[in-house]
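Biologist: I am new to this structure and would like to go through it step by step. Could you show it to me, so that I can put my questions to you one at a time?

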Amino acid sequence: MTQIFNFIPSAKTLWLLASGGLFSTIIAVLIPAPQGIGIAALLTFAWYFVVLMLAGIDAGRSKADRVEVSRGELGKLSIGRDNPVTITIQAGENRGKSRQLSYQICDGVPQDLPGTPQLIAGILNTGNSESTTYTVHPYRRGEYEWQGIQVRQLGAWGLAWQQWRVDTAQTVAVYPDLVGLKSLSIRLALQSTGAMRQNRKRGIGTEFSELREYNVGDDPRSIDWKATARRNRPLIRVLEPEQEQTVIILLDRGRLMTANIQGYKRFDFGLNATLSLALTAIQRGDRVGVGVFDRYLTTWIPPQQGQNHFSRILDRASRIQPELLEPDYLGAVTNIIKQQSRRALVVIITDIVDDIASAELLTALGRLTPRYLPFCVTLRDPQVDLRACELATDIPGAYNQAVALDLIRQRELAFANLKRKGVLVLDAPANQISDRLVDRYIQIKARNQL
């Protein structure tokens, strides 16, 4: 019907058609056959023809009053966030006659990109405009093909919907958590300007800050004897932590990082943590290098400083996807040792199953000490913690709890071995890893551990 008449009947039209059919049925019952059936059929076809003709005229008249629909600039979308999409509807003037226009809009959201609502409906007076916003929540990074906007507008008589398509097709990229990075950048800026500044620790570090007079309680080893002899009073050298240090981030994209956690890949949580740490270190004045590896070191961004460098890291890392491959920890660490001769904080973001399965990781991290400061960051599945804490009420539940407790115990044994080798360890739920990692890095800097 829609292809023949080029419109979509409204509910009013369907009721009119149904009422005509009912009236014809009554006529057929009251008038004896076969005359009654013929008259009823004739009346039915005549009624249908008139109603559909009026609906077609109504749809044709609505073309002159079509609303203009446009989609706002989408830009870069953030994974794991509700990204707003704005639709603007503009109703033109109608030769001085004001009336209400009923419309329905369905945006061409990709099928594998959850979006709400599916249908946008409203009423707009001629000469006015309005905007409406819905959200999309990506669970995967990558490029998505946005289709055009399907628009329906009800005719003035309310008999038919005129439908057309607005060609707004475009390719949209879903990036890591840009919203979280923006919030982190604001927080770091406030810290650097003093609004949230922590007290700097004096008297420890490697860089000379100033000379001051010796006070009771100061470390005698800090006395500068040459300056003391020149000034004829005891002076000490005040040192502060070195600001321009090097941070190397190695992100595992192997088999364990392909697991789903709360609907997202574990790798995506690790990538968000990588970018958060890189942004923090760069704003603290450190040089940051990033490597992504599976069997090989597939991506290597040498250490540099500055916001332009962070933009390069974001651009290159955002395109990387995890692979069902066993990671070569030893090979990745060996590559870093060859390229980075200066002492650095080496952060490996991965996951640990148990002491035996992670033997290569333990060996690789052990090779970094004492020349480098190794830091192992693992992304725990919150569901395992939940299962371990649940009170089991049946045999399957008790079995699940026992498995979860055993996994936690095996992880703790592996972490204990790492700590004995001088490796820093951070094990946190995947959905909290970014904030925990940033806080831990700030602690490392404040304590001058690097």
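Biologist: Which residue of strand 8 stands opposite Thr-116?

Modeller: Please keep in mind throughout that this is a predicted model. Strand 6 (115-116) is joined to strand 8 (residues 129-136) by two bridges, and the two strands pair in the antiparallel sense. Within this pairing, the residue of strand 8 that stands opposite Thr-116 is Thr-135.

Biologist: Which strands stand at the edges of the open sheet of four strands?

Modeller: The order of the strands in this open sheet is 2-4-8-6, and their pairing is antiparallel. A strand at an edge has a single partner strand, so one side of it is left without a neighbour in the sheet. The strands placed in this way are strand 2 (68-71) and strand 6 (115-116).

Biologist: What is the order of the strands in the open sheet of six strands?

Modeller: The pairing in this sheet is mixed, and neighbouring strands are turned against each other by 15 degrees on average, with direction ignored. Strand 18 (297-304) and strand 21 (424-429) each have a single partner strand, so they stand at the edges. Read across the sheet, the order is 18-17-14-19-20-21.

Biologist: In strand 19, which residue is the bridge partner of Ile-248?

Modeller: Strand 14 (residues 246-252) pairs with strand 19 in the parallel sense, and five bridges hold the pairing. One pair across these two strands is Leu-250, which stands opposite Ile-348. For Ile-248, the bridge partner in strand 19 is Val-346.

Biologist: Which residue of strand 20 stands opposite Val-346?

Modeller: Strand 19 and strand 20 run parallel and are joined by six bridges. Thr-350 of strand 19 has Thr-378 as its bridge partner in strand 20. Opposite Val-346, the residue found in strand 20 is Pro-374.

Biologist: How many of the six residues of strand 19 are buried?

Modeller: In a regular strand the side chains alternate between the two faces of the sheet. In strand 19, Leu-345, Val-347 and Ile-349 point one way, while Val-346, Ile-348 and Thr-350 point the other way, and all are buried. Strand 19 is therefore largely enclosed by the rest of the structure, and the number of its residues that are buried is six of the six.

Biologist: Which residues of strand 20 point the other way from Leu-373, Phe-375, Val-377 and Leu-379?

Modeller: Eight of the eight residues of strand 20 (residues 373-380) are buried, so this strand is largely enclosed by the rest of the structure. Leu-373, Phe-375, Val-377 and Leu-379 point one way, and the residues that point the other way are Pro-374, Cys-376, Thr-378 and Arg-380.

Biologist: How far apart in sequence are the parts that the salt bridge of Asp-351 and Arg-411 ties together?

Modeller: The side chains of Asp-351 and Arg-411 meet in a salt bridge at 2.9 Å, N to O. Asp-351 lies in the loop between strand 19 (345-350) and helix 9 (359-368), whereas Arg-411 lies in helix 11 (residues 395-420), so the parts that the pair ties together are 60 residues apart in sequence.

Biologist: Is Arg-380 buried or exposed?

Modeller: Arg-380 meets Asp-385 in a salt bridge at 2.7 Å, N to O, and both belong to a network of salt bridges that also links Arg-266, Asp-351, Arg-411 and Asp-427. The cut-off for a buried residue is under 20% relative accessible area. With a value of 18%, Arg-380 counts as buried.

Biologist: Is Arg-319 buried or exposed?

Modeller: Arg-319 forms a salt bridge with Asp-315, in which the closest N and O atoms are 3.0 Å apart. Asp-315 is partly exposed, with a relative accessible area of 32%. Arg-319 has a relative accessibility of 58%, and with this value Arg-319 counts as exposed.

Biologist: Are helix 6 and helix 7 roughly parallel or roughly antiparallel to each other?

Modeller: The axes of helix 6 (residues 266-283) and helix 7 (residues 307-317) are 10 Å apart, and the helices pack at an angle of about 170 degrees. Angles over 145 degrees count as roughly antiparallel. The relation of helix 6 to helix 7 is therefore roughly antiparallel.

How values were computed:
Residues numbered from 1 in each chain as written. Predicted model: local features only at pLDDT ≥ 70, side-chain atom pairs only at ≥ 80, totals over all residues. Heavy atoms only, no water. Axes fitted to C-alpha atoms, helices over the stretch in contact; angles between N-to-C directions. Parallel < 35°, antiparallel > 145°, perpendicular 65-115°, else oblique. Salt bridge = Lys/Arg side-chain N within 4 Å of Asp/Glu carboxyl O. Buried < 20%, exposed > 50% of the residue type's maximum accessible area, 1.4 Å probe, protein only. Pairing = 2+ DSSP bridges.
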